[in-house]
There are 2 protein chains.
Amino acid sequence: MTALWVIVLCGALSIVYAIWATSSVLKSDAGNPRMQEIAAAVAEGAQAYLRRQYMTIGMVGVVIFALLAYFLGMLVAIGFLIGAVLSGAAGFIGMNVSVRANVRTAQAATTSLAGGLELAFKAGAITGLLVAGLALLGVTIYFAYLTQFMGLKANDRVVVDALVALGFGASLISIFARLGGGIFTKGADVGGDLVGKVEAGIPEDDPRNPATIADNVGDNVGDCAGMAADLFETYAVTAVATMVLAAIFFATSPLLVSMMTLPLAIGGVCIITSIIGTFFVKLGASQSIMGALYKGLIATGALSLLGVAAVIHWLIGFGELAGVKYTGMALFQCGVIGLAVTGLIIWITEYYTGTDYRPVKSIASSSVTGHGTNVIQGLAISMEATAMPAIVIIAGILVTYSLAGLFGIAIATTTMLALAGMIVALDAFGPVTDNAGGIAEMAGLPKEVRKSTDALDAVGNTTKAVTKGYAIGSAGLGALVLFAAYNEDLKFFIANAPKHPYFQGVLPDFSLNNPYVVVGLLFGGLLPYLFGALGMTAVGRAAGAIVEEVRRQFREKPGIMQGTDKPDYGKAVDLLTKAAIKEMIVPSLLPVLSPIFVYFVIYAIAGGGAAGKSAAFSAVGAMLLGVIVTGLFVAISMTSGGGAWDNAKKYIEDGHFGGKGSDAHKAAVTGDTVGDPYKDTAGPAVNPMIKITNIVALLLLAILAH
Amino acid sequence: MTALWVIVLCGALSIVYAIWATSSVLKSDAGNPRMQEIAAAVAEGAQAYLRRQYMTIGMVGVVIFALLAYFLGMLVAIGFLIGAVLSGAAGFIGMNVSVRANVRTAQAATTSLAGGLELAFKAGAITGLLVAGLALLGVTIYFAYLTQFMGLKANDRVVVDALVALGFGASLISIFARLGGGIFTKGADVGGDLVGKVEAGIPEDDPRNPATIADNVGDNVGDCAGMAADLFETYAVTAVATMVLAAIFFATSPLLVSMMTLPLAIGGVCIITSIIGTFFVKLGASQSIMGALYKGLIATGALSLLGVAAVIHWLIGFGELAGVKYTGMALFQCGVIGLAVTGLIIWITEYYTGTDYRPVKSIASSSVTGHGTNVIQGLAISMEATAMPAIVIIAGILVTYSLAGLFGIAIATTTMLALAGMIVALDAFGPVTDNAGGIAEMAGLPKEVRKSTDALDAVGNTTKAVTKGYAIGSAGLGALVLFAAYNEDLKFFIANAPKHPYFQGVLPDFSLNNPYVVVGLLFGGLLPYLFGALGMTAVGRAAGAIVEEVRRQFREKPGIMQGTDKPDYGKAVDLLTKAAIKEMIVPSLLPVLSPIFVYFVIYAIAGGGAAGKSAAFSAVGAMLLGVIVTGLFVAISMTSGGGAWDNAKKYIEDGHFGGKGSDAHKAAVTGDTVGDPYKDTAGPAVNPMIKITNIVALLLLAILAH
């Protein structure tokens with residue numbers, strides 16, 4: 001009881017921080033009128049897009065809300081609503097800060113790199129802490145409402161279903177936002193570059209390019225709002241899955257409430273350590289931006305170690321735990337492993353995407369022999385980049401399982417995600433500086449400003465890859481947790497078959513001997529591939545439409561290129577808005593409908609009845625693992641590979657292998673273009689896709705039980 | 001007894017056919033002295049490479065032979081030797097025919113397209129029938145020797161182990177040949193194109209390019225010898241796995257010998273139908289090459305239906321079968337499904353790689369907006385191309401399992417592969433016509449000859465993709481069979497623990513709840529990615545070396561470009577030979593060592609003893625499925641995507657989107673270059689990689705049991 005209110009307090013702290021930081025950002029100098037005009041156009045486009053995106057998702061959401069209310073009751077439907085609204089809010093607020101911080105960062109960068117970093121990072125930290133804080137508040141308050149106010153038992157089915165539905169609400173926003181935003185931003189980026197840089201020979205962010213504003217809008221709706229929704233979802237779903245497991249494993253234990261509170265408490269304490277960590281981000285004498293960010297991250301990590309220890313001491317103690325074979329100490333060690341996995345994944349991702357190491361250099365050097373070899377080497381690196389993270393995840397699973405079984409893995413994953421506030425802060429400053437660079441270019445600010453924002457942006461490429469690796473890594477580590485939630489739920493319904501007659505005689509068999517399991521694995525495995533294909537095609541189509549539009553404007557208004565006529569920026573934004581909204585629907589519904597489709601098809605093929613149900617439940621369960629087994633590799637290869645391509649181009653632009661304008665540079669631009677939809681559309685959307693498949697499977701169980 | 005000798009007779013027929021066809025090929029006109037000179041250079045290079053490759057594999061082979069002889073006895077080691085030698089022989093003979101048929105095809109194409117097709121196809125059919133025939137003879141004769149001459153029981157451990165070792169021998173040759181040949185051919189192709197077409201602006205196969213001969217050598221060692229070894233292995237391993245299952249399922253049944261003979265008999269009858277089918281390949285009035293090939297394939301398929309029916313009638317009858325719940329009729333239906341899966345995969349692959357359909361056209365059209373969009377669309381298509389084959393495989397598993405359980409799946413896979421003779425024939429004519437085109441170009445034959453060989457070559461791109469899809473598809477369909485062989489073997493040893501004390505107290509748990517299973521799935525899933533990365537990098541490196549070498553020759557002998565000096569072709573061949581041999585070692589050993597590595601690492605982590613063994617056996621089993629779950633998608637996406645890129649280029653060269661020399665064409669050349677290592681090195685090598693992982697796991701069991 002007390003614990004929950006302390007956790008709520010921690011969550012509230014994140015909001016206090018956000019308000020303070022926002023007012024501090026807004027107080028800084030917003031630059032000259034030209035800069036403000038450009039920023040206003042970007043803000044307007046971003047808000048218009050987000051409004052439309054949320055309206056579209058809203059329509060899908062209303063249908064799902066009604067279905068959930070009908071099948072599972074109002075409390076569960078409200079859980080769904082809370083998850084969806086808060087996830088949307090995190091993205092919306094973050095984006096609104098971002099579109100105000102961009103111009104101020106450009107202005108601050110006119111005086112110093114440190115000033116630019118401080119402002120941009122503060123803006124990022126607002127998004128980061130809101131993501132973690134709102135997710136924590138949503139889950140905690142609704143859990144408190146259901147258990148304290150409504151008086152339900154902590155592991156009552158309604159509580160569990162409502163929490164799962166909350167995760168579903170977050171996931172639904174997340175997949176649409178990731179995909180829609182990703183298609184928008186990369187359609188603008190790829191299309192704008194092709195027709196501007198390649199055809200017209202004008203630099204990136206040149207105000208004569210009608211797609212420039214759209215490109216900057218895209219940074220905000222894709223890299224900021226989309227990413228925020230994704231991490232909100234990852235955070236919420238992991239916390240919920242851990243709580244569901246606690247509800248099952250400790251159903252008869254006096255520790256039930258403490259154990260269900262534990263993931264929330266870890267989240268709460270890590271919000272405080274994340275807030276403290278943000279104050280450590282300061283540019284040192286070495287002027288290393290990555291170094292400044294690492295200081296903040298390391299401070300947060302070290303403090304979190306203490307924080308998690310304190311939480312465990314306070315809630316359950318380090319000693320023996322009633323009813324289980326592991327100690328509180330073992331759970332603490334699992335938390336430490338979660339932090340270690342985070343650190344290792346960050347380190348590996350930096351190795352594969354940073355300009356200082358072999359992978360990026362090898363792509364840059366293979367650009368010398370042409371477009372083809374650049375892409376071949378990039379693809380090779382993208383595939384190679386999956387090996388070490390996979391091994392870290394495998395090691396994490398093995399060690400935490402040996403320490404404290406499934407619940408140990410869950411605690412490790414929770415602790416890993418508790419750092420989300422800080423990690424998202426590291427990422428969300430990227431689009432702000434990217435925008436700042438665009439505004440500097442368009443407003444004709446001195447070259448040094450662009451140099452500062454470019455330096456910040458290069459680091460942003462790595463931190464963006466890191467966040468995505470982190471999100472998908474947590475899904476990999478949590479694979480067993482998500483599967484276990486499904487399996488334990490299923491066991492629960494079967495054990496209570498008299499109350500849930502649908503499960504009478506059901507006997508699922510998750511052994512690899514069972515052909516339905518193999519079929520499920522293969523079907524799950526196919527989802528990330530099909531999903532990725534749809535995402536890539538959508539970007540290609542959107543980019544093609546932009547190319548046509550820009551060509552049309554250049555043709556019909558020859559004054560644009562001479563600078564005597566103004567391009568119609570709004571047209572490109574509008575076109576992309578429509579394209580992104582239209583293209584996001586089908587791929588987003590793929591993971592929502594797949595578990596249902598697989599269930600009923602296998603049920604029918606296996607002859608219906610209890611045998612059909614058993615086969616279908618087995619196939620759906622295997623599908624949940626299949627989607628992770630390929631999804632992990634698809635997502636890591638795409639996000640790391642894309643980051644490496646992008647930085648290989650930057651490495652050449654820094655003067656290696658012939659520098660800007662050389663043939664090697666042209667080849668590197670091709671690689672960067674290929675990497676764009678890889679790293680910002682298809683790759684990152686795989687993570688919410690995996691989660692949504694899992695969550696829908698859990699809801700399917702609940703609905704069948706009714 | 002009689003049955004085995006009839007099967008041997010069928011196998012012998014394939015050799016008779018090969019001898020007849022070879023003499024008929026050799027009798028045709030070998031062209032003018034210039035053509036013969038070029039062909040001789042290609043033949044010399046190919047033979048030199050293959051000799052060296054076999055010597056290197058031989059060294060690895062001797063070590064493995066000694067290990068097998070020591071651990072499992074001489075009979076098992078001899079099985080390994082038979083598999084390795086026959087697989088090598090199929091590739092060696094096929095390649096030797098191919099390097100003689102190329103020049104004769106060029107000469108025949110001077111008179112008519114039909115003449116070129118007939119000669120090239122006959123050469124391909126020699127390789128095809130030798131692959132199927134030698135594999136069948138090897139397995140059948142050794143099985144007959146062990147059971148009839150040595151008097152061992154059909155399901156004696158020695159017989160089973162010897163057959164598995166035979167599969168291992170074939171797999172070992174296969175992975176080295178696929179990878180080594182793939183690195184050679186694509187290093188030459190990519191490197192030669194980059195420096196010739198792109199830098200020097202001379203056409204493909206121009207005699208002034210020092211890498212031309214190497215490129216033609218590559219076609220023979222990669223596309224011909226490598227592919228032959230791969231299909232030999234697939235055929236042998238599938239037959240062996242089915243026999244192993246029969247040995248287990250019918251251990252106490254009077255049908256034991258008949259059931260173990262059944263896969264061999266299906267193979268035998270399909271050799272006859274394949275030979276008949278080759279005579280149906282005739283260019284019709286429509287001049288459709290694909291149509292001519294389809295006539296042969298359809299004839300073979302239709303006759304095989306009757307053939308399989310006859311075999312089942314003769315060996316086991318259509319009625320009830322003693323000791324199992326399914327009938328002979330059900331097994332026949334499984335065979336029909338195997339044929340249907342083959343047909344569907346061919347049709348889907350043609351859709352994704354043929355120039356008449358949306359996918360290839362979409363890549364061609366996206367080339368208009370540049371290199372980047374071509375690659376993006378190509379990647380999107382490559383991922384999309386996995387969905388339908390996966391669904392066909394899933395359907396195949398579901399239906400055959402419901403008809404006749406695991407053995408039904410095995411019979412379907414066997415029947416699918418029984419068509420290998422015909423399928424390989426469709427594929428192996430590709431490198432012959434590719435070479436013929438090269439020889440025509442280098443010898444300065446009239447343009448029409450090149451047009452004919454190009455037309456044949458375009459179809460070859462599709463049939464090449466088909467063969468690879470077919471091979472990997474059979475692995476997907478057979479996934480459960482391979483896993484079952486492992487699982488049943490393990491059960492056997494556990495049940496006979498008194499005789500095999502190592503297995504005392506071992507209790508493997510293949511359920512998805514088991515974290516060791518999840519870890520195994522993830523580790524298996526990572527293998528195709530790491531393997532693909534190594535393969536792609538190797539091609540990039542080899543191609544880079546070729547670029548340097550050709551640049552050096554152009555620089556040091558300026559007369560080459562004027563046509564007054566001759567390039568040193570041998571240097572490029574020699575360089576690639578060394579590079580390919582060196583680069584193939586590490587990736588080839590990855591799947592050989594992985595099962596052993598996983599077993600002992602997990603054994604140690606899980607605390608040793610019986611619990612450690614149980615965990616380790618579970619993880620290794622899961623790894624076998626993990627490697628298929630990602631491998632299936634990696635391989636199909638690479639081979640179909642690569643084929644689509646290649647034909648998108650051809651589509652543009654046919655005059656669409658600006659035709660040859662346009663910007664779209666340049667972009668399409670980039671896509672083709674990227675697709676090269678995808679479709680001819682990394683992608684196809686995944687299939688033997690999967691098999692070898694499975695076979696090594698089986699051998700590991702056998703060794704631990706000793």
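B:Asn694 sits in helix α20 of chain B, which runs over residues 663-705 (helices here are DSSP runs of H or I with at least four residues, numbered from the N terminus). Keep in mind that this is a predicted model, where local features need pLDDT of at least 70, side-chain atom pairs count only at pLDDT 80 or more, and totals for chains, interfaces and linings use all residues. Residues are numbered from 1 along each chain as its sequence is written, chains are lettered from A in the order in which they are written, and side-chain values use heavy atoms, with hydrogens and water left out.

**Two asparagines in chain B**

- B:Asn694 counts as buried because its relative accessibility is 3%, the cut-off for buried being under 20% relative accessible area with a 1.4 Å probe, protein chains only.
- Setting aside neighbours within four places in sequence, B:Asn694 touches B:Leu482, B:Phe483 and B:Leu624 (contact means heavy atoms within 4.5 Å).
- B:Pro595 is 99 residues from B:Asn694 in sequence, yet their C-alphas are 8.3 Å apart in space.
- B:Asn514 is in the loop between α15 (479-495) and α16 (515-556) of chain B.
- B:Asn514 is buried too, at 9% relative accessible area, and beyond its neighbours within four places in sequence it is in contact with B:Asp509 and B:Ser618.

**How the copies are related**

- A turn of 180° with a shift of 0.0 Å along the axis lays chain A on chain B with an RMSD of 0.0 Å (a least-squares fit on C-alpha atoms of residues with pLDDT of at least 70 in both).
- The two copies are therefore related as by a two-fold rotation axis.
- In chain A, A:Ser511 has the C-alpha nearest that axis, 2.0 Å from it.
- Both copies use the same surface, as 100% of chain A's contact residues recur in chain B.

**What the interface is made of**

- Each side puts in its share: 65 residues from chain A and 65 residues from chain B.
- About 6000 Å² is buried between the chains, and carbon and sulfur atoms give 84% of that (accessible area, 1.4 Å probe, lost on putting the two parts together, summed over both).
- The rule finds zero salt bridges across the interface (a side-chain nitrogen of Lys or Arg within 4 Å of a carboxyl oxygen of Asp or Glu).
- Among the helices of chain A that each supply at least two residues to the side touching chain B are α5 (157-200) and α20 (663-705).
- α16(A) gives the most to that side, with 19 residues.

Terms used: Buried < 20%, exposed > 50% of the residue type's maximum accessible area, 1.4 Å probe, protein only.
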